[in-house]
Amino acid sequence: MKLWMLVGGWVETSLVDVLEHVSFTLWLSHCNFKCPWCSNWAMARGLKKNIVSLDTILKKVVNAAPFIDYFHVTGGEPTLQYKTLYELFKKIRRSTGVLLSLDTNGSLPYALRKLLPLLDHVAMDVKAPLGDIMKYSRVVGLSPSLTRKIIPLIRESLKIIETVPFLEIRTTIVPGLVEEKEVVEVARFLHKELKLKPRGERAVFVVQQFIPYEGVPKEYSLKPRTPPSIVREIALKVAEVLEEFEVYYRTLEDGSRKIK
Ligand code: SF4
């Protein structure tokens with residue numbers, strides 16, 4: 001039976017999606033969050049999508065395999081299509097030697113549990129302090145009551161991904177909502193409350209710059225991108241809290257830089 005996915009696009013060699021590695025990056029359409037600062041808004045809303053067969057994607061990845069380390073899937077929220085994604089990951093594992101990578105908002109732990117045995121790298125966004133439902137709700141554009149149900153799922157996902165060989169947690173600065181205080185709170189929460197214990201080869205926390213990419217909804221399109229010096233300062237504070245993680249910051253100007 002031929003399988004299909006709703007695809008936003010792909011690039012055959014990306015240097016920015018998996019830290020310090022080259023990846024074939026596939027974007028899947030649709031997202032269950034409505035972050036008002038989303039850089040992939042059209043794709044997240046399903047306005048940018050093509051129906052593409054798994055075989056077509058597989059062929060592209062096989063051709064790119066000699067030049068890449070990872071096959072990386074992002075979105076949108078890729079776990080919304082987890083059953084087909086599972087089949088795709090299996091095909092790619094069977095046909096190439098490339099490592100498998102997923103970027104997720106962590107809201108579907110049952111999907112993550114299914115995919116995890118195949119994955120070599122998981123990048124998961126913790127978008128705001130998990131103890132602050134009102135803030136999380138504003139950052140992800142969902143009602144407080146829905147966010148209240150989603151936070152325990154995100155916590156569950158964080159525990160699920162503890163064992164992945166390469167774990168990456170990302171928090172993006174959002175002007176007026178997620179700044180130094182909130183990013184440090186995320187780090188404290190992971191360390192103290194969740195007692196996150198990465199058990200793979202590598203665990204990384206990345207503080208990401210706010211960038212008003214083309215397509216960012218109007219409310220955020222005129223806000224300036226965060227100065228790299230501020231992003232770095234925040235990462236330095238995170239490094240004081242998160243002993244068990246390497247800490248990086250990521251900006252357009254400097255790329256990905258290691259703090260510790
Ligand atoms: S979770 Fe990611 S893709 Fe989805 S709306 Fe938020 S920023 Fe966009």
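A residue counts as buried if 20 or more other C-beta atoms lie within 10 Å of its own, as exposed if 12 or fewer do, and as partly exposed in between. The model used in these exercises is predicted.

**Exercise 1. Backbone and burial at His30**

Classify His30 as buried, exposed or partly exposed.

Solution. Start with the location: His30 lies in the loop between β2 (21–28) and α1 (41–44). Next, take the backbone. The phi of His30 is positive, about 80°, although His30 is not a glycine. Now count neighbours. His30 has 18 other C-beta atoms within 10 Å, so His30 is partly exposed.

**Exercise 2. The same steps for Lys195**

Find the loop that holds Lys195, then decide whether Lys195 is buried or exposed.

Solution. Lys195 sits in the loop between α7 (180–193) and β8 (202–208). Its phi is positive too, at about 50°, and Lys195 is not a glycine. The count is 10 other C-beta atoms within 10 Å. The cut-off for exposed is 12 or fewer. Therefore Lys195 is exposed.

**Exercise 3. A peptide bond**

State which kind of peptide bond joins Gly75 and Gly76.

Solution. Read omega: it is about 25°. The bond between Gly75 and Gly76 is cis. Then place the residue: Gly76 is in the loop between β4 (70–75) and α3 (82–95).

**Exercise 4. A strand pair**

Work out how β9 and β10 are joined.

Solution. Take the strands: β9 covers residues 246–251 and β10 covers residues 255–258. They run antiparallel, with 4 bridges between them. Check one position: Thr251 stands opposite Gly255 in β10. Finish with the connection, a hairpin from β9 to β10 through 3 residues.

Technical notes:
Residues numbered from 1 in each chain as written. Predicted model: local features only at pLDDT ≥ 70, side-chain atom pairs only at ≥ 80, totals over all residues. Helix = DSSP H or I, 4+ residues; strand = E, 2+ residues; numbered from the N terminus. Pairing = 2+ DSSP bridges.
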